[in-house]
Amino acid sequence: MRVFWVAFLLFLLAPGLGLAELRADSVERDYQRAAQDFYRLYRPGPFRERADNFLKTIAKFEAIAADHPGHKHAPQALYNNGKLYHSLYKWSHNDRYLDQAIQAYRKLVISYPQEKIADDAQFEIGLIFEEYKDQPSQASVEYQKVIDLFPKGDFAPIARKKLEQLGPPTQDLRLAAPSPQPPANPPPVVPPPPASALRPGDLTQARYGGLSEKEEQQKKKKSLVANVEYWSNSDWSRLVINVADPVRFKYQVLKEDKAQGKGRRMYLDLDKSFLPRKFKDRIAAEDGLIKQARIAQFDKDTVRVVLDLASLDRIRVYPFESPDQYKIIVDILGSEAIADSPGPAAETAPATPVATAPAPALPAKNGPLNGTAPSKADVEATTLSRALGLKVSRVILDPGHGGRDPGAMAFGLKEKDLVLELALELRKILQQKNPEVEVMMTRETDKFIPLEARTAFANKNQGDIFVSIHLNAHRKSSVSGIETYYLNLTTDAYALSLAAKENQTSLKSIRHLQGLLHDLMTHSKIQESTQLAKLIQDGAVNQARSSNRIQLRSLGVKQAPFFVLLGARMPSILVEAGFITNKTENDLLRDPKYRKILALGIYQGLFSYMDRT
Ligand SMILES: [Zn+2]
């Protein structure tokens with residue numbers, strides 16, 4: 001009522017004002033009130049000690065921005081909310097507020113790009129990713145936007161400085177295909193400097209990853225490079241450098257030098273690291289895409305890896321933190337690689353197998369480089385289905401965990417044992433029912449295999465489908481059911497914590513991985529993987545239900561950043577075939593008959609997929 005009277009009074013005092021002006025005026029008043037609270041929150045006193053005062057002020061600004069987007073104060077209201085959420089985070093350490101701060105700033109940048117404070121907001125987003133979310137690569141992306149969207153703004157030079165420190169945004173490093181005809185005035189041919197002549201710091205197009213510059217400076221000790229593993233075929237390679245703890249790294253692709261008969265070369269520098277003397281300097285030679293791979297102590301602080309490649313179309317370099325080691329993963333696609341298609345319809349399988357290079361010259365046995373690389377498979381073997389041009393001719397089964405990693409455990413059972421039994425059963429069924437399809441397994445015994453080696457095995461052997469089999473666990477024993485996952489970003493807390501568990505990594509590095517996924521996901525086969533996940537989920541659930549009197553729960557098809565699926569070049573899924581922590585499901589899983597039923601269900605899903613495509 002009082003509001004009405006104030007409005008009425010104003011109307012009397014200013015008879016020339018229309019209704020719109022009156023409303024605008026009340027918005028002005030609301031804004032000034034919110035602004036008063038805003039300033040009180042940043043001055044010492046009891047008012048700022050209460051989180052609800054932050055939230056009430058946020059609600060006031062939010063109402064202005066949402067209900068009066070055309071009002072002159074709407075952009076500032078959004079900006080203030082970005083600040084308030086950020087302060088709330090500092091006060092509570094609740095990650096949700098960081099995301100809400102980013103949301104408010106983003107809304108401002110997108111809705112009011114002409115506003116003076118829009119570039120401030122974009123810069124703030126970069127700062128949050130860099131300093132609070134520990135995502136330097138995403139921070140680079142955001143700082144780059146400051147330069148791209150607001151080249152004349154106050155923050156463009158500061159953003160440039162930031163990018164100098166952090167390195168430019170990491171993304172697919174696409175290299176232009178060599179032009180068929182030489183240009184009219186060819187530039188003088190300058191051979192690329194030999195690897196040893198490249199000094200850290202004077203490279204203009206180098207990219208950075210891993211620790212931020214600040215973290216790197218705070219690091220006291222040098223990191224031990226423990227070993228290097230690689231997998232390779234004619235159009236794809238994965239190289240994994242295992243380091244004792246996190247490092248900052250830099251990499252660059254050098255120009256092709258046809259005159260010297262050299263193909264694509266790249267180097268990767270690990271800062272503040274050292275290589276034990278016993279290390280062999282040659283990692284690989286003449287193996288598929290890799291012509292030669294070498295590693296050496298470049299100077300007292302830097303370990304350098306140099307790769308000579310037969311061809312190169314794309315390269316992705318990213319870190320992954322496992323419980324005992326820090327891994328730098330280099331995924332390389334050759335220019336011969338079959339183009340990744342967006343949908344199933346455009347997919348074709350080669351009628352003839354892809355020729356492979358001669359057997360690799362491996363370093364001496366028992367050397368540190370032997371690692372756990374799977375033996376070279378005979379990819380030239382022509383299976384019947386490949387000759388017929390069928391889409392699915394090779395299925396890769398991946399029983400989770402193994403060896404020193406038992407996976408989930410409950411009621412005396414271990415996940416690693418049950419999933420191996422399940423996978424062996426599934427292989428038997430596939431071999432009986434579809435002898436034209438070849439089945440390969442990442443492990444057939446109780447053996448530890450790192451996650452990145454599993455995907456690598458599938459790629460190296462050019463599998464057409466990748467199925468990772470796991471069992472779930474929950475602290476509440478009442479939780480039960482089957483769920484199937486494909487690789488994607490998620491905001492779901494349950495899916496994130498499950499992925500953290502299966503990745504054997506912290507929630508913090510899962511978030512970091514999510515940040516990287518934006519860039520890494522561009523060529524993954526999401527559509528086909530989703531379809532495969534649905535069919536396997538339905539197959540497993542229906543089979544288990546029809547063969548049992550118990551009511552089995554279907555938890556559905558979900559998405560999460562499972563590291564074991566990252567980089568797979570074929571449709572790939574991860575099935576959580578039940579809860580080992582649920583007594584009823586545990587009893588069922590203990591029974592070989594039930595495992596056979598589950599395997600048959602997964603097979604039926606696989607078969608529907610193969611039948612459709
Ligand atoms: Zn598992």
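Q: Let's begin with a term: what is a pocket here, and what volume does the second largest pocket have?
A: A pocket is an open set of grid points with protein on both sides within 12 Å along at least five of seven lines. The model is predicted, and all the values here are computed from it. For the second largest pocket, the volume is about 690 Å³.

Q: Which element gives the most to the lining of the second largest pocket?
A: The lining has 22 residues, and D99, K133, T490, T491 and Q514 lie nearest the centre of this pocket. The elements that give it two or more residues are α5 (95–111), α13 (493–503) and α14 (507–520). With six residues, the top contributor is α5.

Q: Happy to turn to the open sheet of six strands: which strands are at its edges?
A: The strand order is β15-β12-β16-β19-β17-β18, and the pairing is mixed. An edge strand pairs on one side only, which here holds for β15 (438–441) and β18 (554–560). From one strand to the next the twist averages 20°. The edge strands are therefore the two at the ends of that order, β15 and β18.

Q: Within that sheet, which residue of β19 is the bridge partner of H470?
A: Strands β16 (residues 465–472) and β19 (residues 572–579) run parallel and are joined by six bridges. H470 has its bridge partner in β19, and that partner is E576.

Q: Helices pack here too, so what angle does the direction of α17 make with that of β16?
A: Helix α11 (residues 415–433) lies across β12 (394–399), β15, β16 and β19, and runs at about 145° to β16. Helix α17 (residues 592–612) also packs on the sheet, where it touches β12, β16, β17 (482–487) and β19. Its direction and that of β16 make an angle of about 150°.

Q: Is R304 buried or exposed?
A: R304 is found in strand β9 (residues 302–309). Its side chain makes a polar contact of 2.7 Å with the side chain of D269. Since buried means under 20% relative accessible area, and R304 has 3% relative accessibility, this residue counts as buried.

Q: And how far apart in space are N542 and G601, C-alpha to C-alpha?
A: N542 is found in helix α15 (residues 526–546). At 48% relative accessibility, N542 counts as partly exposed. N542 and G601 are 59 residues apart in sequence, while their C-alpha to C-alpha distance in space is 7.1 Å.

Notes
Residues are numbered from 1 along each chain as its sequence is written. This is a predicted model: local features need pLDDT of at least 70, side-chain atom pairs count only at pLDDT 80 or more; totals for chains, interfaces and linings use all residues. Side-chain values use heavy atoms; hydrogens and water are left out. Helices (H or I, at least four residues) and strands (E, at least two) are DSSP runs, numbered from the N terminus. Buried means under 20% relative accessible area, exposed over 50%, partly exposed in between (1.4 Å probe, protein chains only). A polar contact is a pair of N or O atoms within 3.5 Å; within protein, one must be able to donate a hydrogen and the other to accept it, and residues adjacent in sequence count only if both atoms are side-chain atoms. Two strands pair if DSSP finds at least two bridges between them. Axes are lines fitted to C-alpha atoms, for helices over the stretch in contact, and angles run from 0 to 180 degrees between N-to-C directions. Contact means heavy atoms within 4.5 Å. On a 1 Å grid over the protein atoms alone, a cavity is a set of points where a 1.4 Å probe fits but cannot get out, and a pocket is an open set with protein on both sides within 12 Å along at least five of seven lines; lining residues have an atom within 4 Å of a point. Grid points are joined across faces, edges and corners, and a volume is the space filled by probe spheres set on the points.
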